[in-house]
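Here is a short briefing for a first look. Keep the sequence and the 3D view open as you read.

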Amino acid sequence: MSAAAVRRAGAPARRVRAQGVALPAAVVVGLLALAQVLTVAGVLPRTYFPPPTEVLTALGRLLTGPMLWADVGGTLAGWAISLGIAVVAGTALGVLLGKVAPLQWLLMPVIEFLRPIPSIALIPLVILTIGGGRTGEVVLATYAALWQMLVAAVYASRTVDPVARDTARVFGFGRAQEIRWLTLPAMLPGLMTGVRIASATALIITITTEILIGVPGLGEGLNLARNAGDLARMYAYIVVIGVVGLAINAVFTLVSRRFLAWQGAVR
């Protein structure tokens, strides 16, 4: 195929990608313009809804100062540690439960009992036992994210092809080799879905904990702005939190497309 033919074949895909960026951006700009008109006209009370131009001005001040970046770093540190612990522990326990049926039968009722308990309800217990601060934040976020990973890992462990498993045993694979070369690769699509869900959960609980118990981060910055009555800065923090969540999801989506395309099951 000639170079010109390749360029012609790629043109529709580029046009679709450009539309995928331009149309949502146009919707955002339209909503901001509508909010500006409604707040200036007094339809939306400025007591609760500052005009977007004031929010953007406050956002600009935050972006050029050191405080916001320290808050972003604090939140990402708590989120990353919590998610890392949840992914490792949830995957290991999920593989174990998937491999040992009696253990799964014994522990699943306990897991199903603990899983619906919101981690926020454990804040008094965490403060009494290990105190607040970053450690308490990590414990609460890990608790919330762990169940997402555990359930994903248990179900993913059931996707291993029994024929491939029997073949591996015929070739003398030990238990560790079977997990390394057969179980974990087969589980990857399900695990990646679990990671994305656990990531969002860990970020939500991390920021919520910062708001409620004053751990340094985006949540605390938002709460301080609210207490000071600086609504424009408070909304600017909300915008930053949304952008951080969007960026994290985009990274995991790219990773899924890059490493799981061979499965044809990027979810």
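**The aromatic pair**

Tyr143 has a relative accessibility of 17%, so it counts as buried. The cut-off for buried is under 20% relative accessible area. Note that this is a predicted model. The points below start with the partner of Tyr143 and then move to charges, helix shape and surface.

**Tyr143 and Trp147**

- A search of the whole structure turns up one aromatic pair.
- That pair is Tyr143 and Trp147, and it is edge-to-face because the ring planes stand at 85 degrees, with the ring centres 5.6 Å apart.
- The angle cut-off for edge-to-face is over 60 degrees.
- Both residues sit in helix H6 (residues 133-156), four residues apart, so about one helical turn separates them.
- Trp147 is buried too, because its relative accessible area is 9%.

**Salt bridges**

- How many salt bridges does the structure hold? There are five.
- One of them joins Arg134 and Glu137, whose closest N and O atoms are 2.8 Å apart.
- Arg134 and Glu137 are three residues apart in helix H6, so they too are separated by about one helical turn.
- Is Glu137 buried or exposed? Glu137 is buried, because its relative accessibility is 0%.
- Arg134 is partly exposed, at 27% relative accessibility.
- Arg134 and Glu137 also belong to a network of salt bridges that includes Glu210.
- Another salt bridge brings together the side chains of Arg46 and Glu54, with an N to O distance of 2.6 Å.
- Arg46 has a relative accessible area of 46%, so it is partly exposed.
- Glu54 is partly exposed as well, with a relative accessible area of 33%.
- The side chains of Arg233 and Asp230 meet in a salt bridge at 3.3 Å, N to O.
- Asp230 is partly exposed, since its relative accessible area is 28%.

**Helix H4**

- Helix H4 covers residues 101-114, which makes 14 residues.
- What span should helix H4 have? At 1.5 Å a residue, the expected span is 20 Å.
- The C-alpha atoms at the ends of helix H4 are 20 Å apart, so the model agrees with that expectation.
- H4 nevertheless has a bend of about 40 degrees, located at Leu107.
- A proline, Pro109, follows Leu107 within four residues.

**A nonpolar surface patch**

- Which residues form a nonpolar patch on the surface? They are Val170, Phe171, Phe173 and Trp181.
- Together these four have about 520 Å² of accessible area.
- Trp181 belongs to helix H8, which runs over residues 175-213.
- Trp181 counts as exposed, because its relative accessibility is 55%.
- The cut-off for exposed is over 50%.

**Gly73 in helix H3**

- Gly73 is found in helix H3, which spans residues 66-99.
- Its relative accessibility is 34%, so Gly73 counts as partly exposed.
- How many residues apart in sequence are Gly73 and Ala26? They are 47 residues apart, and their C-alpha atoms are 30 Å apart in space.

**Worth finding in the 3D view**

- In helix H6, look for the Tyr143 and Trp147 rings and for the Arg134 and Glu137 salt bridge.
- In H4, look for the bend at Leu107.
- On the surface, look for the nonpolar patch with Trp181.

Note on methods
Residues numbered from 1 in each chain as written. Predicted model: local features only at pLDDT ≥ 70, side-chain atom pairs only at ≥ 80, totals over all residues. Heavy atoms only, no water. Patch = residues over 30% accessible without salt bridge, like charges linked within 9 Å, V, L, I, M, F, W, Y side chains within 5 Å. Areas by Shrake-Rupley, 256 points an atom, 1.4 Å probe, with all protein chains shown as cover. Helix = DSSP H or I, 4+ residues; strand = E, 2+ residues; numbered from the N terminus. Buried < 20%, exposed > 50% of the residue type's maximum accessible area, 1.4 Å probe, protein only. Expected span 1.5 Å × (residues − 1). Bend = angle between axes of the 7 residues up to and from the residue. Phe/Tyr/Trp six-rings, centres within 6.5 Å; stacked < 30°, edge-to-face > 60°.
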